[in-house]
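Work through the exercises below with the sequence and the model side by side. Try each task before reading its solution.

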Amino acid sequence: MLLAFTLLTIGYTGLGLYPTWLQSAGLVEYGTTTTFTGLLESNLRYGILPIMILIVLGGSFIKSVISGTVAKETTPETRAKGFSIFYAMVNIGAFSGKTVVKPLREALGNEGLITLNYFPHR
């Protein structure tokens, strides 16, 4: 779990800082609309790939570790309830992420997209 959360923390921090780095490099201007001023020609556009790889790896570790933890910490009689609770939390997170984050992003504009990167959502 420590490895998973470390990878996710580094990845989501990078996801939050990456737009600011691009803006400070003069490749993107944020406002009510996003203006690309050289990003498409720059190799810095590929900087998102290692950030996404960290997030993917962290997420993949969490899934297997939590499944194993539920299997280990439950009895055969309570195992179905344990997995039901786990998957219910996953579904609640997926639903609330789409119903809460999208309206927030639209209300805040492109600047809000940068701000929302500091809050993990799936």
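**Exercise 1. Place Thr-74 and describe its surroundings.**

Step 1. Thr-74 sits in the loop that joins helix 2 (48-73) to helix 3 (79-116). Helices here are DSSP runs of H or I with at least four residues, strands are E runs of at least two, and both are numbered from the N terminus.

Step 2. This is a predicted model: local features need pLDDT of at least 70, side-chain atom pairs count only at pLDDT 80 or more, and totals for chains, interfaces and linings use all residues. Residues are numbered from 1 along each chain as its sequence is written, and side-chain values use heavy atoms, with hydrogens and water left out.

Step 3. Is Thr-74 buried or exposed? Thr-74 is buried, because its relative accessible area is 17%. The cut-offs are under 20% for buried and over 50% for exposed, with partly exposed in between (1.4 Å probe, protein chains only).

Step 4. A polar atom of the Thr-74 side chain lies 2.6 Å from the backbone oxygen of Val-70.

Step 5. Beyond neighbours within four places in sequence, Thr-74 is in contact (heavy atoms within 4.5 Å) with Arg-79 and Gly-82.

**Exercise 2. Characterise helix 2 and its residue Ser-67.**

Step 1. Helix 2 has 26 residues and reaches 37 Å from its first C-alpha to its last. That is close to the 38 Å expected at 1.5 Å a residue, where the expected span is 1.5 Å times one less than the number of residues.

Step 2. Which residues of helix 2 are buried? They are Ile-51, Ile-55, Gly-58, Gly-59, Ile-62, Ser-67 and Val-70. An α-helix has 3.6 residues a turn, so residues three or four places apart point the same way.

Step 3. Ser-67 counts as buried because its relative accessible area is 19%. Not counting residues up to four places away in sequence, Ser-67 touches Phe-83 and Phe-86.

**Exercise 3. Find the largest nonpolar core.**

Step 1. A nonpolar core is a set of buried Ala, Val, Leu, Ile, Met, Phe, Trp, Tyr and Cys residues joined through side-chain atoms within 4.5 Å. The largest has 13 residues, and Leu-22, Val-28 and Ile-55 have the most contacts inside it.

Step 2. Helix 1 (2-24) and helix 2 each supply at least two residues of this core. Helix 1 gives the most, with six residues.

Step 3. Ile-55 touches Leu-8, Gly-11, Tyr-12 and Leu-15, leaving out residues up to four places away in sequence.

**Exercise 4. Summarise the chain and its confidence.**

Step 1. The protein chain has three helices and two strands. From the N terminus, their order is α-β-β-α-α.

Step 2. Of the 122 residues, 29% are buried.

Step 3. Mean pLDDT (the predictor's confidence in each residue, from 0 to 100) is 85 for the chain, and 89% of its residues reach 70 or more. Among the elements, helix 1 has the highest mean (91) and helix 3 the lowest (81).

Note on methods:
Polar contact = N/O pair within 3.5 Å; in protein donor to acceptor, adjacent residues only side chain to side chain.
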